[in-house]
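Trainee: I am new to this one. Could you walk me through it, one question at a time?

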Amino acid sequence: MIREWRAGDEAAWDDFVARQAGARSCHLLAWKRVVEHAFGREACYLLSEDAGGQIDGVLPVVRLRSWLFGDYLVSVPYLNYGGPCSGNSGVARQLIDAAARTAARLGVQHLEVRTETPTDLGLKVRSTKVSMRLPLPESADALSKRFPAKLRSQIRRSELELPIVTIGRDAAHVSAFYEVFAENMRDLGTPVYAKRFFETILRELPGSSWICSVHLGRQPVAAGFLVGFQDMLEIPWASSLRRFNRFSPNMLLYWNVLKFACERGYKVFDFGRSSPDSGTFRFKAQWGAEPVPLYWHYWTPEGRPLPDLSPKNPRMRLAIRAWQHLPVAVTKIIGPPIVKGLP
């Protein structure tokens with residue numbers, strides 16, 4: 001039986017997700033609370049129960065409504081993953097069918113389901129991004145020995161600048177991360193999330209989320225947001241300031257989060273999604289990361305084309321160029337109301 005999540009399902013839902021191979025942090029109910037609190041979004045979470053009333057599948061879905069970008073459902077927005085979480089392919093298909101019926105009933109423009117497998121879900125599929133993942137040994141020393149000499153040399157050179165690298169969860173780490181993140185997003189031409197978004201994640205995932213920051217003196221120059229689940233640590237958001245590129249702060253950021261991952265006993269580090277052969281793809285590949293294709297599935301009403309909210313869309317290019325010329329302080333004010341409508 002497929003039904004919507006309701007109060008009282010919390011423990012059973014999260015216990016089911018924690019036991020599922022292939023589940024991701026985004027399947028936890030913590031993310032429902034994050035998107036509802038930080039963005040005021042409507043969550044349409046679905047679950048499947050077997051004949052004994054036990055959960056055998058879940059599907060987190062969030063509705064995004066914006067006058068700029070339209071009205072649609074996503075599993076899961078703002079993150080790299082989502083889709084049905086179930087060990088039973090039949091149950092996964094039933095959850096997708098239920099989400100499509102929900103989309104049709106609500107009259108939205110489309111449903112987007114983000115998965116890691118090309119499994120036939122009965123939807124149109126697009127695969128233009130990959131997740132870059134690095135298997136981790138038991139120690140940072142063992143990992144360092146796997147790096148090519150050029151990479152080790154780059155790390156040593158960046159350490160000569162005497163940077164301060166810390167990993168924590170306090171307000172100072174949030175502020176350092178957000179200062180770097182906001183400037184980098186402006187340079188990329190992308191509206192920035194509200195600071196409250198990251199504060200809420202840290203609150204809702206107290207034992208599995210951290211921030212790594214790199215300072216030169218009092219100036220934060222690079223920072224990354226870390227989220228761990230099961231045996232994988234991922235860095236869904238990372239930034240560095242271009243005006244400090246000569247100091248290679250990115251090298252120190254990633255080396256320190258990789259050491260942290262090894263020390264915490266994670267078996268895989270997820271560098272996040274990239275476009276194949278892009279600059280970020282090559283940066284991640286130099287650490288030994290391998291691409292894992294991502295498959296985003298779409299339901300649309302009959303005759304409606306697939307959505308295109310990518311930066312390659314000509315309409316988006318004009319907006320990107322205009323955004324890059326705004327003061328960072330301005331983007332922090334007008335960016336959050338805009339970006340919450342983007343997936």
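Trainee: Which residues does His110 touch, not counting residues up to four places away in sequence?
Mentor: Happy to start there. This is a predicted model, where local features need pLDDT of at least 70, side-chain atom pairs count only at pLDDT 80 or more, and totals for chains, interfaces and linings use all residues. Residues are numbered from 1 along each chain as its sequence is written, and side-chain values use heavy atoms, with hydrogens and water left out. With contact meaning heavy atoms within 4.5 Å, His110 touches Asp71, Tyr72, Leu73, Tyr298, Trp299, Thr300 and Pro307.

Trainee: Is His110 buried or exposed?
Mentor: His110 lies in strand E7, residues 110-115; strands (E, at least two residues) and helices (H or I, at least four) are DSSP runs numbered from the N terminus. Buried means under 20% relative accessible area, exposed over 50%, and partly exposed in between, with a 1.4 Å probe and protein chains only. His110 has 6% relative accessibility, so the residue counts as buried.

Trainee: And what does Leu46 contact, leaving aside its neighbours within four places in sequence?
Mentor: Leu46 lies in strand E3, residues 46-49. At 6% relative accessibility, Leu46 counts as buried. Its contacts are Arg3, Glu4, Trp13, Val58, Leu59, Leu95, Ala98 and Ala99.

Trainee: How are the buried residues of helix H11 arranged?
Mentor: In H11, residues 328-339, the buried ones are Val328, Thr331, Gly335, Pro336 and Val339. Seen down the helix axis, they fall within an arc of 115°, the arc being that of the directions from the axis to the C-beta atoms. Therefore the buried residues of H11 line one face of the helix.

Trainee: Which residues are exposed on the other side of H11?
Mentor: A general point helps here: an α-helix has 3.6 residues a turn, so residues three or four places apart point the same way. On the other side of H11, the exposed residues are Ala329, Ile333 and Pro337.

Trainee: Stepping back, how many helices and strands are there in the protein?
Mentor: Nice one to count in the view. The protein has eleven helices and 16 strands.

Trainee: Why is the protein said to be as compact as a globular protein of that length?
Mentor: The radius of gyration is taken over C-alpha atoms, and the globule rule is 2.2 Å times the number of residues to the power 0.38. For 343 residues the rule gives 20 Å, so the protein is as compact as a globular protein of that length, with a radius of gyration of 20 Å.
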